[in-house]
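Open the structure in your viewer and keep the selection panel at hand. The tour goes stop by stop, with something to select at each one.

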Amino acid sequence: MSLPQLTRETLRVQAAAQLAAAAATTGGLFAVNKPPGISCAGLIDYFKRNVGLNENALPFSEHFERERVLRETGKKIFRRKYPTNMRVGHAGTLDVEASGVLVLGVESGCKRLDEYLKGEKSYMATGRLGVATDTYDAEGKVTRVGDASAVTSDMLLDAIPTFVGSIKQVPPMYSAIRIDGKRLYEYMRSGQPLPFAVKPRTVHISAIKLLYYHPQGAVALQQPVYGKRVMLPKDCAEHFASGRFAWDESSNGIKGPAVGDYLYSFVGQPDSPIFQLLVQSGSGVYIRSLIDDIGELLGCGAAMATLVRTSQGPLRLGRDTIDIQNLPYVAEIVSAMRRTQVRVDAS
């Protein structure tokens, strides 16, 4: 049975007061496991909309679908302001289709988010060779198709050290970086020219490990693969096996993507040339750009297919994160804040 609106607002206000008090004594930080398919702003909106409602909260699946429909309109999403006026922020954006550790700050905890924004992070990324896109990931249109048949694991292993240490990196044109008050992706979507070229930035990557490489046609040609593929978390695997990501050979054929195709339709294509990396980096690193740069160095192009943030600072995926379904429960958030405080103090 749905609660009256006034009752819902009262519960939100009470929850905000409880969380503000807890933040004052615990540091006000906790980590959530962000699922793929929703923006960080959409996740925070769900938190603010449902905190304190417990079992009366809107099911996340319904909020997820609403966000998807709003994004597909291409229009700016205007978020409702709640009477609680509770301050909530996050320590570094994850793209819509990225998942994993997202550190949230509540009230006084927002002041500490910069520590995590500038701190060390780790990611598990899957890239596809032989193709490049305008967004550097599977969300974009294919701009180039290359021949990856000659790329070996040794070539990948030789290329990787080029990108370890302090490097120059150009951010993706489809990113949230601001130029003259507008985000880069807004310029790209509107077709408006940039006021000036985006300059390379100095970023730091501590380590890159090649986890797995499946050469082009490895199954059909009975070629060996490198390493062992790390399976995505269950929710991620299901997400990238359904909807617009589901592989449909009858529609896509078996030759792979062509220039102008959206790459997301080919994420699940069997026997395609894919590789997995484990990356440890500082702030400002775009894993999409890293994979695009690796593809350029190899001469065949590459685009990111999936991305999971496995850690941020001392907080690890699974060990220190709560699931998004727990966000309506104040007790779960307070408990997560306390665990985060213990983890941070011990680090």
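**Stop 1: strand 1**

This is a predicted model. Begin by selecting strand 1, residues 29-34, where six of the six residues are buried. Colour L29, A31 and N33 on one side of the strand, then F30, V32 and K34 on the other; both faces are covered.

Now add the neighbours. Strand 3, residues 99-106, runs antiparallel to strand 1 and is joined to it by six bridges. Within this pair, look for L29, which stands opposite G105 of strand 3. Strand 15, residues 321-322, is joined to strand 1 by two bridges, and these two strands run parallel. Here V32 has I322 as its bridge partner.

**Stop 2: helix 1 with helix 11**

Select helix 1 (residues 5-26) together with helix 11 (residues 330-346). Their axes are 10 Å apart and meet at an angle of about 10°. Angles under 35 degrees count as roughly parallel, so helix 1 and helix 11 are roughly parallel to each other.

To see the contact, show the side chains of A15, Q18, L19, A22, A23, T25 and T26 in helix 1, and of V330, I333, V334, M337, R338 and Q341 in helix 11. Sorted by class, this contact has eight nonpolar, four polar and one charged residues.

**Stop 3: helix 1 with helix 2**

Keep helix 1 and swap helix 11 for helix 2, residues 40-50. How far apart are the axes of helix 1 and helix 2, and at what angle do the helices pack? The axes are 8 Å apart and the angle is about 110°. Angles from 65 to 115 degrees count as roughly perpendicular, which is why helix 1 and helix 2 are described that way.

In this contact, R8, R12 and L19 of helix 1 meet F47, K48, R49 and N50 of helix 2. By class there are two nonpolar, one polar and four charged residues.

Stay on helix 2 for a moment. Nine of its eleven residues are buried, among them C40, G42, L43 and I44. The buried residues of helix 2 pack against helix 1, strand 1, helix 3, strand 2, strand 3 and helix 11. Just after the helix, select G52, which takes a positive phi of about 90°.

**Stop 4: two unusual backbone angles**

Most residues other than glycine have a negative phi. Two residues to select here go the other way.

N54 is not a glycine, yet its phi is positive, at about 50°. N54 lies in the loop between helix 2 and helix 3 (60-72) and is partly exposed, with a relative accessible area of 31%.

Y136 also is not a glycine, and its phi is positive at about 70°. Look for Y136 in the loop between strand 5 (131-133) and strand 6 (142-145). Is Y136 buried or exposed? Its relative accessible area is 18%, and buried means under 20%, so Y136 is buried.

**Stop 5: the nonpolar cores**

The largest nonpolar core has 60 residues; select L19, F30, F47, L129, F275, I287 and L327, which touch the most other members. Then centre on I287. Leaving out residues up to four places away in sequence, I287 touches Y123, A125, V279, M304 and L307. Apart from this core lies another, of nine residues, including A31, V103, Y116 and L315.

**Stop 6: strand 13**

Select strand 13, residues 302-312, where ten of the eleven residues are buried. Strand 4 (residues 121-129) pairs with strand 13 in the antiparallel sense over nine bridges, and A125 has L307 as its bridge partner. Strand 3 runs parallel to strand 13, with two bridges between them; here G100 is partnered by R309.

Next add strand 14, residues 315-316, which is antiparallel to strand 13 and joined to it by two bridges. S311 pairs with R316 in strand 14. Two residues lie between the strands of this hairpin, in which G313 takes a positive phi near 60°.

**Stop 7: G284**

Finish in the loop between strand 12 (274-281) and helix 10 (287-298), where G284 is found. G284 is exposed, with a relative accessible area of 52%. Not counting residues up to four places away in sequence, G284 touches Q169 and V203. For a last distance, select L70 as well: the C-alpha atoms of G284 and L70 are 28 Å apart, and the two residues are 214 residues apart in sequence.

Definitions and conventions:
Residues numbered from 1 in each chain as written. Predicted model: local features only at pLDDT ≥ 70, side-chain atom pairs only at ≥ 80, totals over all residues. Heavy atoms only, no water. Buried < 20%, exposed > 50% of the residue type's maximum accessible area, 1.4 Å probe, protein only. Helix = DSSP H or I, 4+ residues; strand = E, 2+ residues; numbered from the N terminus. Pairing = 2+ DSSP bridges. Axes fitted to C-alpha atoms, helices over the stretch in contact; angles between N-to-C directions. Parallel < 35°, antiparallel > 145°, perpendicular 65-115°, else oblique. Contact = heavy atoms within 4.5 Å. Nonpolar A, V, L, I, M, F, W, Y, C, P; charged D, E, K, R; others polar. Core = buried A, V, L, I, M, F, W, Y, C linked by side-chain atoms within 4.5 Å.
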